[in-house]
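Got the viewer open? Here is a short route through the chains, one selection at a time.

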Amino acid sequence: MTLSIPEKDEITAQDLPDGATDEMTAGMTAAEAVAIRLADETRDQVDRPEAPPRRSRPWQRYLEAELGLREYWYPAARSTDLPEGATFAVKMVGEELLLVRKNGRLYCVEDRCAHRGTRFSERPLVLSEDTITCWYHTWTFDLDDGALRCILNEPDTALVGKTGIRAYPVTEAKGLLFVYIGDAEPPPLSNDVPVGFLDADMAIYIDEPNVLHANWRLALENTFDPGHHFIHNWSQFVIESGFPMTFGYVAKKGEEHAEVSYVLDPDGPLGFSRCTKTTELIFSATIPGKNGRPDTVYTAPAAVGRPHEELVADFLAMPPIEVGIYLPCENATVNFPAGMTTYDWCVPIDENHTRSFMLGGRRCVTEQEAELWRGEVGHREWKVPTIDKFLVDDNKARQSMQTFYEKENGWDRERLYRPDLEITMFRKFFSEHARSIQTRDKLVGPRSRGRRS
Amino acid sequence: MTLSIPEKDEITAQDLPDGATDEMTAGMTAAEAVAIRLADETRDQVDRPEAPPRRSRPWQRYLEAELGLREYWYPAARSTDLPEGATFAVKMVGEELLLVRKNGRLYCVEDRCAHRGTRFSERPLVLSEDTITCWYHTWTFDLDDGALRCILNEPDTALVGKTGIRAYPVTEAKGLLFVYIGDAEPPPLSNDVPVGFLDADMAIYIDEPNVLHANWRLALENTFDPGHHFIHNWSQFVIESGFPMTFGYVAKKGEEHAEVSYVLDPDGPLGFSRCTKTTELIFSATIPGKNGRPDTVYTAPAAVGRPHEELVADFLAMPPIEVGIYLPCENATVNFPAGMTTYDWCVPIDENHTRSFMLGGRRCVTEQEAELWRGEVGHREWKVPTIDKFLVDDNKARQSMQTFYEKENGWDRERLYRPDLEITMFRKFFSEHARSIQTRDKLVGPRSRGRRS
Amino acid sequence: MTLSIPEKDEITAQDLPDGATDEMTAGMTAAEAVAIRLADETRDQVDRPEAPPRRSRPWQRYLEAELGLREYWYPAARSTDLPEGATFAVKMVGEELLLVRKNGRLYCVEDRCAHRGTRFSERPLVLSEDTITCWYHTWTFDLDDGALRCILNEPDTALVGKTGIRAYPVTEAKGLLFVYIGDAEPPPLSNDVPVGFLDADMAIYIDEPNVLHANWRLALENTFDPGHHFIHNWSQFVIESGFPMTFGYVAKKGEEHAEVSYVLDPDGPLGFSRCTKTTELIFSATIPGKNGRPDTVYTAPAAVGRPHEELVADFLAMPPIEVGIYLPCENATVNFPAGMTTYDWCVPIDENHTRSFMLGGRRCVTEQEAELWRGEVGHREWKVPTIDKFLVDDNKARQSMQTFYEKENGWDRERLYRPDLEITMFRKFFSEHARSIQTRDKLVGPRSRGRRS
């Protein structure tokens, strides 16, 4: 199983590092060139004696993106959260949304009356096939474009056509309801989801979303953090299976760019994919002694007593894991577990909370097979071993840095090391390519252009 | 049963709209003239394409009154909260108060020692007939005027006569304890309560006060909001009785002033009374279809299948409901329910919380009749149908706008419509007539002038 | 039993009040001279008609010390909180600490990884005899000096020797773990604890620490507040024993300095000791009547009906109680109860919370006697009567002023009286002698110099 990542055919000047010569780039793909450039341009951010202040970081837009990106599709809820005739309220990317499914059509509007701010969701009244009526003062809005349709107790009001609420494009795919947060004409959903996710044969098992007390960037970085694997030595899956975890997927020095391929297709998702090539597997490390005391060798619990060659061979026997990261905020890990793909959307709720949608994907030939996967088979083969016994430790880790970043000036004080280079490369890539940044003032501005019906 | 509202005999220039001629005002009472002026002066605040910013609103003092009004009487507690010999602590209009009843006399002082701020109420010590002693350091204050009377462990202190705590005028009426928040000589209580409330034959049933998470203005506006009645279609009383609610008591365009009579007697309460005259009763409304789809007619659930004429006749058969609003913050609705009056004081606690005292009044000929009303009869005939089965929905509504006004800049963003005209008129009236506005800096200033004994 | 307080032999100019003549100081000790000077220099701060604003107070450093003092030893935990091989996380003086006991040695480091701020304590990994490893990214720090020792998943990192976390000197005494908060070379522990506390024959019973919602200064001042004793008339011990409390230990006017001896030994703790000399015992006080009404005499409940001479004789029959206060934040009350010493450290947690360590000391001749004291005997003879039945009321009092000081500008508004003179004297003494003040910006600065191994 391999990813088929669309690529630009030609390398353009902006893809290349400064001073690159034709000779240097001969035979390179654009994806490779971009990786080299991003590594070059952020290498001075790691292994520094003093943490540089925030304002000198080369990823300013990333720092501004406390509330996430704007002009993107995000999963807002599961399809099952919104049966026919129902409504569902959700806060996302700082916005308060009301999802509606009526007569088989989907709608999403601001959950806030244009009159005096009452939340529709406290008593949702869908009194016609395509309107929402505020339960307090009868203002009635078009679910399609948010325009004021009428006011029940003031039939001749002059306000019709002059005011309204925000309406959001919404669509359904793979058991999720996706909402477009932005003002521009939305791109196809396929631009904002991982490569392959929408493929017809990809069946998706959907876990219950988790709300994390962590900014979305801390949650997302964890999904591809090359230095984080150590935490899984304490995961229940590792303890039960006896399959030891390496201490990290750290690239060889100077070869970090070779781990990642940036995805640059202007008509597809933007992000990168990592397929570990140069990392050495570390199951054991030496802590030097001090003052003449002996060194201590620490070995991963499950690796104790097993030859290094055997451990490496076990790892290499597995299908290669490919980690993909895409804008606005999602991860897709192919062959994790083997033969399956684990998806994780880290959707910002507000500055300090993230809703994590974890999904298990498997390609299925028949609809019957897919149905079993979305039910008990996915539960048994993906959810229990992958989420409950393994990724639960990542949720602990994601939240463990929140105090530092929220209250202790962490973005100024963080002191990165070389394995963070894939993180710094991504931050710069993000700053270069994000369509727009969500900000507090955009939340209270005039209404968005509605969706086209 | 009719209200007898005292009126000014003469119309003065300030009562009239700009440019009013003698001809225009011939035969007008001052109450009518003021209503016309207030409607004229606030009409440009409703039905606007863009919400005007807060600073351009013609009700600036109302906007400043987050903590309520100053120089007014407010109900602080029920008489039963304070038996002989007891104390009762309450926060109100931003101030922290301690009520005391000792040897049949009532007192109210600041619940905060002048020495180092300890709250008396944590261990209230009334060691003589008219003093409160701080349980920490024995400072002893006069309950009448707040002056330091003595210090038990420093008998010769030089501070006597030089310091003290605030003391508040307090009085008892109709089973409530009223406290005067202000520094000036208090007016008679009758100036600050609804017309008729203190009448000898008015018996009052007192419900347990509710603490609402809502600014007092949002709570008070709900009590006379002409557009809010729609919410009661979901009230238990309506469902059980089958008596449908109209969608609002919205005046005819250009006749809004005719609904309200402003009360202007300088020796009585200030406010207004509404007795619906021009409104049409709406039990059914049309939501226009879009893109060629048919209109939807929505009818109040309890009105479905009943002829409009019959519904109107049922309403007109009821005694006319008169809604009175008075400064500082109270409502009196005569003939609601028929033959009774429902009172509601929306007393500010702090910027975001309100204590609502809801009372049921009925005129009683004998004391025996009054006693029954204050007990089981009032409970059965007023409290259960009016509060538990009806006004409970208003408490939901009052709190539903709080997030918008507290956190989302609602006073700038609200976009009013024509039925809000009675609200805008009141806001302007309030700004013109409020004796004083409570502010944070007044809470920590020097002590108030004490009450006269 | 008497305290042996070390004293300076010579009086220096700075000890004396302005304009002191040789004649005035003839026969004075430095301790006496300092007390006179402090009383003189703060007397104008009490009994004032208006509370002076904070900025004019002569104890500015005390006002700045919201988070406590820096460059001092503090108790962080009980020895039993940290068995061999364990770790213990604690917040103190605004800093987040991790205590470690490994192979019989004690360590204390910042509980925050230098990389991205993860708390070690969420999964403490002591993988060698003297290191702590972050469970997220394998950064491994020297427990002695906080230096980065190695990174398990990046063995060749260039960061070793260039970064690290704070390390704190730590030591153990009398069943407590003391940590030094500061950057300088720490003085001996004996400089920062009460005189006599470390004596070999002093056995210590340790009560469970209490977390108080009170700034540490409000907690500490309570321990020596001459006007606070009135609160104990409601203590269970007083009610059960019938032994009445005086209304305060208030010195005679002009003799306040005679109550206190300042401890000035530069090689020992700094603070003062009070041994009541001039106070009169007040068990009864008169509240003057007003407007011709009679006076009220209030007598402490347990004193009612007993002759004043008998009450005084009972008090004088007790061994004299000596209250000692020492920097940074501790109290030692000798002969309270008789034959025992009660210690109380008011350790700042943050600006609004204090951890109070209350300890009961008794001199014991044999180790067997000491062991009994630390167990059931201390529980029965000290903890139950002294803490549970008496000092629990002080914890109520300490918290009763917090709202005023935290939210109502109390440091500006407090209006002190003459019995507070010992408090004002201490505040000035503190401002003159505190080695350094802890501040928010010191919490996020570069790491402290580590402890020397």
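**Stop one: a loop in chain C**

Start by selecting Thr138(C), which sits in the loop between strand E6 (131–133) and strand E7 (139–142) of chain C. Bear in mind that this is a predicted model. Check the backbone here: Thr138(C) is not a glycine, yet its phi is positive, about 70°. Is Thr138(C) buried or exposed? It counts as buried, with a relative accessibility of 0%.

Stay in chain C and jump to Asn335(C), found in the loop between strand E18 (330–334) and E19. Here is another non-glycine residue with a positive phi, this one about 65°. Asn335(C) has 6% relative accessibility, so it counts as buried, given that the cut-off for buried is under 20%.

**Stop two: strand E20 of chain C**

Now select residues 353–363 of chain C, which make up strand E20. Eight of those 11 residues are buried, so the strand is largely enclosed by the rest of the structure.

Which strands pair with it? Add these to your selection, one by one:

- Strand E19 (residues 341–350) of chain C runs antiparallel to E20(C), with nine bridges between them. Look for Asp344(C) facing Met358(C) across this pair, then follow the hairpin of two residues that connects E19(C) to E20(C).
- Strand E11 (residues 202–206) of chain C is also antiparallel to E20(C), through five bridges. Tyr205(C) is the residue to pick, with Gly360(C) opposite in E20(C).
- Strand E12 (residues 210–212) of chain C pairs with E20(C) over three bridges, again in the antiparallel sense. In this pair, Val211(C) has Arg355(C) as its bridge partner.

If you like, switch on backbone hydrogen bonds while you are here, as it is through these that the strands of a sheet pair.

**Stop three: a three-stranded sheet in chain A**

Move over to chain A and show E6, E7 and E8, which form an open sheet in the order E6-E7-E8 with antiparallel pairing. Strand E6 (131–133) and strand E8 (148–151) are at the edges with a single partner strand each, so one side of each has no neighbour in the sheet. Look along the sheet for its twist, which averages 20° from one strand to the next.

Zoom in on E7 (residues 139–142) of chain A, which is linked to E8(A) by three bridges and runs antiparallel to it. Thr140(A) is a handy marker, since you'll find it opposite Cys150(A) in E8(A).**Stop four: two cis prolines**

Next, select Leu327(A) and Pro328(A): the peptide bond between them is cis, with omega about 10°. Pro328(A) is in the loop between strand E17 (322–326) and strand E18 (330–334) of chain A.

Then hop to chain B for Phe336(B) and Pro337(B), joined by a cis peptide bond with omega about -5°. Pro337(B) belongs to the loop between strand E18 (330–334) and strand E19 (341–350) of chain B.

**Last stop: where chain B meets chain A**

Show both chains and colour the contact: 46 residues of chain B and 43 residues of chain A take part. About 3,700 Å² is buried between chain B and chain A, with carbon and sulfur atoms giving 54% of that area.

How many salt bridges are there between chain B and chain A? The count is 11. One to zoom in on joins the side chains of Glu408(B) and Arg112(A), at 2.7 Å from N to O. With both residues at pLDDT 80 or more, 21 residue pairs are in polar contact across this interface.

Finish on chain B's side, where the elements that each supply at least two residues include helix H4 (216–224), strand E15 (284–287) and helix H7 (367–400). H7(B) gives the largest share of that side, five residues.

Definitions and conventions
Residues numbered from 1 in each chain as written. Chains lettered and ligands numbered in written order. Heavy atoms only, no water. Pairing = 2+ DSSP bridges. Helix = DSSP H or I, 4+ residues; strand = E, 2+ residues; numbered from the N terminus. Axes fitted to C-alpha atoms, helices over the stretch in contact; angles between N-to-C directions. Buried < 20%, exposed > 50% of the residue type's maximum accessible area, 1.4 Å probe, protein only. Contact = heavy atoms within 4.5 Å. Buried area = accessible area lost by both parts, 1.4 Å probe. Salt bridge = Lys/Arg side-chain N within 4 Å of Asp/Glu carboxyl O. Polar contact = N/O pair within 3.5 Å; in protein donor to acceptor, adjacent residues only side chain to side chain.
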